[in-house]
Amino acid sequence: MRAWKAGDPGTRRKLRILLAGVFLLACAASPRLWCQAPDAGQSPDTADVDEAAPASSLEGFAGLVVRRIDFEGVNADRVQALRGRLAVKAGEPLTSTVLTRSLRTVYGSGLFETVDAQAQREGDGVALTFAGTARTFVGVVSVYGARGATINTQLQRASRLQAGTRFTPPMIDQAVERMKQVLADNGYHEPVIAHTLTPHPQDQLVDIAFQVTSGPQARVGDVQVSGDPGMSAAAFRRYARLHAG
């Protein structure tokens, strides 16, 4: 076998099903919709694809008729739409060109974080398998526990975790920092924010729940004015809205 690499209860369940459906339709309509190339300067067509896939790497396989094409690492229903888009076709000869183009298509679908094309003899032909690691997307994002009627909603927006976008672990730390800033703006300077990840591998989604303990709220104490503000200290406090307590 040889390989060629292409890059290294209730409402919540309904939303996950909806998101999964959106991903499937997106792949069928535009396989690059979810693609995010690792390097900003690369396009989905060229990112992480081994341009060489040289003829020498096809020694023993080049020219053989492709008997079977399989996928590993992603749910079969999610890659079904890719089959008709591949340059390599069952019943046709395998060449370096069609293999490279097919790798670009598979990686460009955005369903895989990394993907290899593996080949092995099957009778008088060759069997191909596109195998890799499934990409994970943001599912349901929820925030609980913060003080205030609308603060949890504000924190959810501040996280910038949008359902359906690609998920990476560093996004959690970034979201927590943004949420802490919102809490600080509301007088909570010592919050504790914990999170729980609930993966749904069949749908390539992960739900993210944040549990917030706001901590003590800072309050205005004594307000003193130095210099000549042109008004009394009481008037200054009134206009500045700095009232003790």
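**Exercise 1. Confidence of the model**

Task: State the mean pLDDT of the protein chain and identify what the model contains over residues 22-56.

Solution. The structure is a predicted model. Step one: the mean pLDDT of the protein chain is 80, and 76% of its residues reach 70 or more. Step two: over residues 22-56 the pLDDT falls below 50. Step three: this stretch nevertheless has 68 contacts in the model beyond near neighbours in sequence.

**Exercise 2. Helix α3 and the nonpolar cores**

Task: Determine how the span of α3 relates to the expected value, how many of its residues are buried, and which share of the largest nonpolar core it supplies.

Solution. Step one: α3 has 13 residues and extends 18 Å from its first C-alpha to its last, close to the 18 Å expected at 1.5 Å a residue. Step two: a residue counts as buried under 20% relative accessible area. By this criterion 10 of the 13 residues of α3 are buried, among them Val-98, Leu-99, Leu-103, Val-106 and Tyr-107. Just after the helix, Gly-110 adopts a positive phi of about 80 degrees.

Step three: the largest nonpolar core has 25 residues, of which Phe-71, Val-88, Leu-94, Phe-112 and Phe-130 touch the most other members. At least two residues of this core come from each of β2 (66-72), α3 (96-108), β3 (112-122) and β4 (125-134). The largest share, five residues, belongs to α3. A second, separate core of 22 residues includes Val-143, Ala-158, Val-182 and Phe-210.

**Exercise 3. Pairing around strand β7**

Task: Establish in which sense β7 pairs with β5 and with β6, and name a residue pair for each.

Solution. Step one: β5 and β7 (residues 205-213) are paired in the parallel sense over six bridges. Here Phe-137 stands opposite Leu-205 in β7. Strand β5 (residues 137-144) is mostly covered, with seven of its eight residues buried. Step two: β6 (residues 192-200) pairs with β7 in the antiparallel sense, over nine bridges. The bridge partner of His-195 is Phe-210 in β7, and Phe-210 is also included in the second core. Step three: four residues lie between the strands of the β6 and β7 hairpin, in which Gln-204 takes a positive phi near 60 degrees.

**Exercise 4. Salt bridges**

Task: From the five salt bridges in the whole structure, locate the partners of Arg-67, Arg-68 and Arg-135, and describe the exposure of the residues involved.

Solution. Side chains of opposite charge can pair when their charged atoms come close.

Step one: Arg-67 forms a salt bridge with Asp-124, with the closest N and O atoms 2.9 Å apart. Because Arg-67 lies in β2 and Asp-124 in the loop between β3 and β4, the pair ties together parts 57 residues apart in sequence. Arg-67 counts as partly exposed because its relative accessibility is 41%, whereas Asp-124, at 55%, counts as exposed.

Step two: Glu-122 and Arg-68 form a salt bridge in which the closest N and O atoms are 2.5 Å apart. This pair links Glu-122 in β3 to Arg-68 in β2, 54 residues apart. Glu-122, at 29% relative accessibility, is partly exposed, and Arg-68, at 31%, is likewise partly exposed.

Step three: Glu-113 and Arg-135 meet in a salt bridge at 3.4 Å, N to O. Glu-113 lies in β3 and Arg-135 in the loop between β4 and β5, 22 residues apart. Arg-135 is buried, with a relative accessible area of 0%.

Step four: salt bridges with shared partners join Arg-68, Asp-70 and Glu-122 into one network.

How values were computed. Residues are numbered from 1 along each chain as its sequence is written. Side-chain values use heavy atoms; hydrogens and water are left out. Buried means under 20% relative accessible area, exposed over 50%, partly exposed in between (1.4 Å probe, protein chains only). Two strands pair if DSSP finds at least two bridges between them. A nonpolar core is a set of buried Ala, Val, Leu, Ile, Met, Phe, Trp, Tyr and Cys residues joined through side-chain atoms within 4.5 Å. pLDDT is the predictor's confidence in each residue, from 0 to 100. Contact means heavy atoms within 4.5 Å. The expected span of a helix is 1.5 Å times one less than its number of residues. A salt bridge is a side-chain nitrogen of Lys or Arg within 4 Å of a carboxyl oxygen of Asp or Glu.
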